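Please open the model in your viewer and keep the selection panel at hand. The tour goes from one selection to the next, and at each stop it says what is there.

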Amino acid sequence: MSITSDLAGIVGPHSVLDDEQRLERYAADQSFVSPRRPDFVVFAETIAQVQALVRYANTTRVPVVPFSSGLNLHGAAIPKEGGIVLDLSRMNSIIEINTANRHCVIEPGVTAAQLQDALAAHELRAMLPLGIHPNRSVLTSYLERDPAAAAASFEYGNELIMDTELVLPTGELFRTGLWSAGVKPGSPMGPVRAMLNRLWTGAQGTLGIMTKMNIKVEYLPRLRKVCMLQFDSFPEAMEPLRMIQRKEIGFECLLLNNFNLAALLCRDWSVPESFPAAMVPSQHFEQLRKGLPEWMMVVCLNSGPRLAEEKIAYEHAALQDICSAAQLQLYDNAQLENALLDEMLRPWGLLKKFCYRGAVHDVAFKTTLRRFPEFQRAVMELITAYRYPLQDVGISILPLERGRAFHCCADFHCNPARLQEVENVKQLWHAVSERLIDEGAFFDRPYGAWADMVYSRAGTYTQKLKDIKRALDPNNILNPGHLCF
Amino acid sequence: MTYYEPKPHKKFFEKTLEDYRDSIWGCARCNWCQNHWAWNVKSAEYSEICPAFHEFRIFPYAGMGKMHIARALLEGDFDYEDAPEVVKFLYTCTTCGACELNCQRLQDKEPLQVNETLRARLVKDGIGPMPEHRNLLKSVKNYDNPWMQPRTQRDRWARKIKIKNIEKEPAETLFFVGCTVAFDNTQWHVAQNTATILLGAGVDLGMLGTKEVCCGSPVARIGDRDTFFDLAQRNIDMLNKTGAKEIVTFCPGCFKALSHDYAEVPDVPRLQAAVYHSSQYFDRLITEGKLTFSRPVNKRVTWHDPCHMGRHCGIYDEPRRVLEAIPGINLVEMERIKDQSWCCGGGGGARTAFMDFAQKTAAKRIGEAKKTGAEAIVTSCPFCEQNIGDALNAMNDEMEIFDLTDIMIKAMYSREV
Amino acid sequence: MSDTRQKVIQKKLPREVYSALKNVVGEQWIHESRSVVETYSKLSIEGGSFVKKHEKDPHVLPACVVLPASTDDVQAIVKICNRYHVPFIPFTNGQVFCNPTTQDPTLIIHFSRMNRIIKIDTQNMSATLEPYVDYAQLQAEAMKRGLWNGGTPLATTVCKLASQFAFAGLWQTDLKYGLLNRNIISVKMVLPDGEILSTGSRCIPRAGDFWEYGPGPDLMGLQRSGLGTNGIVTEITVKLHAWVGDDALPEIPGGRPSLKHVHDAKYDSPPEPLKNHKLLWVEFKDLDTQLKAMREIAHSGVGIGLNATGVYSAFYCSQTQEMTVQRCKEHFFPDWNCYVILANTTSDQQIAYEEEVIRQIIAEVGGTFLSETHKPEVLKALQPWNYDCIRHSTGYRMNRKFYANAWLPVGPLEEAKTTSREWKKALDLFGEIDITDRGGADDTPFVYALQRGHFCLFETDNYPDPVLPEEIKKAQAYGIYGAAVVTKYDLGPQLMAFVNVEPFTTMFPEAGPNAHLFMRKIRQVFDPNSVAAPGRQVFTEQEWQQFPAEIKAAVNAMRELNGMPRVE
């Protein structure tokens, strides 16, 4: 018996791919992670199939790489050691929308746009990560801890995972949260330790294959209002930002530099279907970024389901108070306001930035507000040294949990067709990553080359992760070669 | 289910561990015997309330631990020979009562009463008290005072003051001086001040002079109940015989003994006179307009609540009102005040047996007082004054400590009396 | 019961272990005398330890107590325990899970010397604490800086945040701030093998201590609820939030009584609401209406706390035991109710807006606000909650008795009804131990709406007399029965000792499923020498085989009562 026929025996012959051309699609994404073609791609449609496949992989020692939408863009699903890519995109049901308790059970193939549309019909919304692709798996995005656009809000933008269902690396079914008590999801806390699901977050599918996730959703606000503040430099924004967050004003808050803001507004560009994207030269983009302020702080006020005007009014007044004290004026631009209003609920417009050069290599890390300027300086130094055009750096910053921490993302653009340009950006990206990690920027999701840089510094944490991996995945079959495994 | 059914009333000094059985089994380990009442916690530094636990950090020093030790002794889980260290744990306690108050507020249980009952059990069984306490007990038996002083010296403080000897001429109000102030010439000023103020306000004041005997408070706290019963009987008889309607004392130990403890002694008559702490009496005189302060005392001061006057007897507001009536006085409060006051460390026999611990406890209080910016600590207890004063000296600190009457006298006369 | 005067004597550590430990902490900070270990052996709300005291079981007595002063001390102690295979138990107050778990001489590591607030970072809103720091201390320091930790457990000086990382962490203001779970940035732990693990951003040099996840898979989540079996927290960094009240809770006469015999009524006056805060109490006609209103309030996004409490108010708000019982009998406090905690965090207009939202909801759903015109005496009696909702001080008032069993299931709001129904069944089955056991049956269970009401926690309790072992055993039966009930009805008892503690871990394989097999693997990773409270959270196969048959039988009996198969 061949592996192909064994696999076909598990999932059916139409759900196994082994022709090179189609395998090639799974070999790379737009990241710098070296491409590697899988030996097989298998589509699973049931948990039983996932379990059977994982058990089979254990007996044959063939690696299994979980794959949902392929839109991680950081190489997490590239089969570094070949083997089977387990494509879960056909498991795309929204199993339950619980309007009474505001949660929703999804499978890995459920996409961002699909979910948001389905929820809207129930007057609900998901808190989606900023820059999520409309076709990206919400389950994977949450699992990979992509920060939500609403991450500034302590209670609405964070810890959105409630219950989970997964297949362990040795094939057993396992659940976390209330679900682990039986068959009903409904709480992140359950009988088996309080925060156990966090073990599988940021794990890039190395410790289990998640087959269902129950996530928090919220009411669709009856009224929303985007408020903007412009700044010539980031340090000028710091104190107002701190004050706004300390007052807990707004639901979503983000800071974009003029590159990203212009990309969002650019009418010549649309969100690409695949990556790397096609380059689309745009005069409109050039005009926009010249005309826009260097930095824009966006605060989106959301009403509740009742007395909508009153809520927006008192929050707006509180924001005005801070502006008056800081001698700032709210930025007035209706077009921008509308674009941003849409972006808060359907936050993928930012992906239009890929149209600039086709590929974007980001350096995404977390730090505190007061340290941001020193990291900014370090990046600037390297950009200058590597002769990368300063104006072509896209920066987005998300305050997390009322400014306790910040998610910072600096983008470097290149045209994948121009090898020298790619090489130069690759070197810059490496240098920036190494320098920032060395100086204390925290890369909590160590993709690709970051993994070695981070885990070589993490001491016991790294060792214990390895021990846990060995205990749960003794044959190292789940996505080997990623993280520190 | 008998747990909360009313129990037959028994006087405290009749009780044995068996009477506290429900209570000691039911200790919920809530730890409030070690901690300041949470609503009033103002800093991490001053958030604890039990001096012994604060210093030694293990539970046998806390009220909770004493409940557990009591349970084990009561049920025979161990005996003295298995745990000779118990004596030290039970006596490293200032009997400040913070554990008792917080426990009663939450759990209706009585860790301090249990500790005092345990002490009584140790004394009865010949295991306690600490060797350092034995001289004190002997002195009380032989000299009627704990300081091994001849009875004839008891009224020396009053040589220059015209005060009635109540055995010779009747008086409305009896001044019960107490042993510590009567025999320690560094503390005479307190007795002198008090007498001066009361006489000046027209109070018909008398005293027992050399006939006064120890109130029994130190022996009660140490656990020698037989000696205490004897002293209580003698004092009640003698005091009732004077015919005084009121008794005033400034020593919180004496005050608690006369006003509360005697009523808990079995088979003794009631004390007929009403008993006042001097600060209560001063407060009343001020209200009646019989006591006024004409000279400003420009000082920023903080009030230290003596445990046996505050927590044990509920006197918090009166001394503060007296201070506030004095022109120039700026009363600033420490973090731990009134029922949540931090003990000076001097009470319950702790200073006698564990001087180092007592002094460290006082030093902590001084630190807390200094944080208020006060120039002086004011209190109304000879033990507090002595213990805090010694700690101030050892620290070579500029902060002063005054008895309440020192400040009052300054506000009334051009020179100290 | 055994001979009532029989002595109970503890085992001691081998001398070489004792002297090795003494060398770490110094003579002053190591104790093995009989009376000392006694005070570390009877726990507060763990019925088992009381029963064992009645039975004169010597195994509840630890061999020795050691008091480290630093992470280095803890590490050295744990390494000695590994070298000599001595089991150890981390200990703060001794509420639960602090007894030795084996018959071997066991070391207690008591953290009372590690009581410093290491740092409060006002800019990034966090505080780093040693294990003996409690909520009251943290709040006092944070409030001075315009911050607070976001919530209060029921006993703010009892509860240390580090030990609540290992177990519990339920707050009054979970509606907005979540449980302690949602408020931990990092922990620094000495693992059972003596290694030191830091989680989150602090595990990377120079990164700082501000972010809670990773790098990569998150180990902090795995460590939470470890009951001391996965390591010892020597530093915990928690989140702080904006505080809009005064720098300190105001001094009030209420809550300041003197000793009983000189009790003065003036000290009973309850506190007024705190600055920028308000509590609203609503009474309902039945549980259905109560839950409907709570759901609507949770959905409306207002308030920082939303809870319901029945019999508990009688404990917390009564000055004496007699008063508690009387109020229970009379149903003095509303049986069906909820209270909402409001705060002006964003604006001075916020409370007014939120109150209007709640009034609108109550008008729709049906309910009556306690007010000057509706049961003012009840509203006044409830006023201790004005402070208790922020910094709970009366939490341990309980029943003045002993709190030996709690059901604490977690689930969607509607499961309050399941809890209430099943509690009634348990009362019928086992009989009522005390009148206050009827809380949750004749009135609402304690309901906490958590994280904007996405899920809730419910509570019902038993209060046996500690002097009567038969009552404690009855309460334990409720507990075991409860474990079966929550499995049967897919409830997740989080804070109670369910699948976090043996023998439930192994005897409820429905959970996970087979969570015990998963947890065994994790135990092996962290505690290869089985020294950290071995067998408390999950048995090895061998420990399971050796577990007393009569306890297995008791659990199986409760499983069968709920129509579940036996586990052998």
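The bounds of the domains named on this tour come from an automatic or database domain assignment. With that in mind, select chain C of this predicted model, and colour its parts separately: domain 1 covers 15-110, domain 2 covers 117-242 and domain 3 covers 504-561.

**First stop: inside chain C**

Keep domain 1 and domain 2 of chain C in view, whose C-alpha centres lie 24 Å apart. Where the two touch, 16 residues of domain 1 of chain C and 21 residues of domain 2 of chain C take part in the contact. Together these two domains bury about 1,400 Å², and carbon and sulfur atoms give 67% of that area. Now select Thr71(C), Thr92(C) and Phe97(C), the residues of domain 1 of chain C that lose the most area to domain 2 of chain C, together 35% of what that side buries.

If you look for charged pairs between domain 1 and domain 2 of chain C, the rule finds zero salt bridges across this interface, while the count of residue pairs in polar contact is six. To follow the domain 1 side by its elements, select helix H4 (71-84), strand S3 (88-91) and strand S4 (107-110) of chain C, each of which supplies at least two residues to the side that touches domain 2 of chain C. Which of these elements gives the most? That is H4(C), with six residues. By class, this side of domain 1 of chain C has eight nonpolar residues, seven polar and one charged.

**Second stop: chain B against chain C**

Next, show chain B together with chain C, and select the contact between them, which involves 74 residues of chain B and 84 residues of chain C. The area buried here is about 6,300 Å², with carbon and sulfur atoms giving 53% of it. Across this interface the rule finds four salt bridges; one place to zoom in is the pair Lys7(C) and Glu81(B), which form a salt bridge whose closest N and O atoms are 2.8 Å apart. The interface of chain B and chain C also has 26 residue pairs in polar contact.

On the chain B side, several helices each supply at least two residues, among them H1 (21-25), H2 (51-56) and H3 (63-75). The helix to select here is H3(B), which gives the most to this side, with nine residues. The side of chain B that touches chain C divides into 33 nonpolar, 18 polar and 23 charged residues.

**Third stop: chain A against chain C**

Finally, replace chain B with chain A, and select the contact that takes 91 residues from chain A and 102 residues from chain C. These two chains bury about 8,400 Å² between them, 58% of it on carbon and sulfur atoms. Highlight Arg193(A), Arg306(A) and Tyr461(A), which supply 11% of the area that chain A buries against chain C, more than any other three residues.

Stay with Arg306(A), whose side chain meets that of Glu364(C) in a salt bridge, at 2.9 Å from N to O. Between chain A and chain C the count is eleven salt bridges, and there are 44 residue pairs in polar contact. Elements that give two or more residues to the chain A side include strand S10 (209-219), helix H9 (308-326) and helix H14 (460-472) of chain A. Select H14(A) last, as the source of the largest share of that side, eight residues. By class, the side of chain A that touches chain C has 43 nonpolar, 18 polar and 30 charged residues.

How values were computed: Residues are numbered from 1 along each chain as its sequence is written. Chains are lettered from A and ligands numbered from 1 in the order in which they are written. This is a predicted model: local features need pLDDT of at least 70, side-chain atom pairs count only at pLDDT 80 or more; totals for chains, interfaces and linings use all residues. Side-chain values use heavy atoms; hydrogens and water are left out. Contact means heavy atoms within 4.5 Å. Buried area is the accessible area (1.4 Å probe) that two parts lose on being put together, summed over both. A polar contact is a pair of N or O atoms within 3.5 Å; within protein, one must be able to donate a hydrogen and the other to accept it, and residues adjacent in sequence count only if both atoms are side-chain atoms. Helices (H or I, at least four residues) and strands (E, at least two) are DSSP runs, numbered from the N terminus. Ala, Val, Leu, Ile, Met, Phe, Trp, Tyr, Cys and Pro count as nonpolar, Asp, Glu, Lys and Arg as charged, and the others, Gly among them, as polar.
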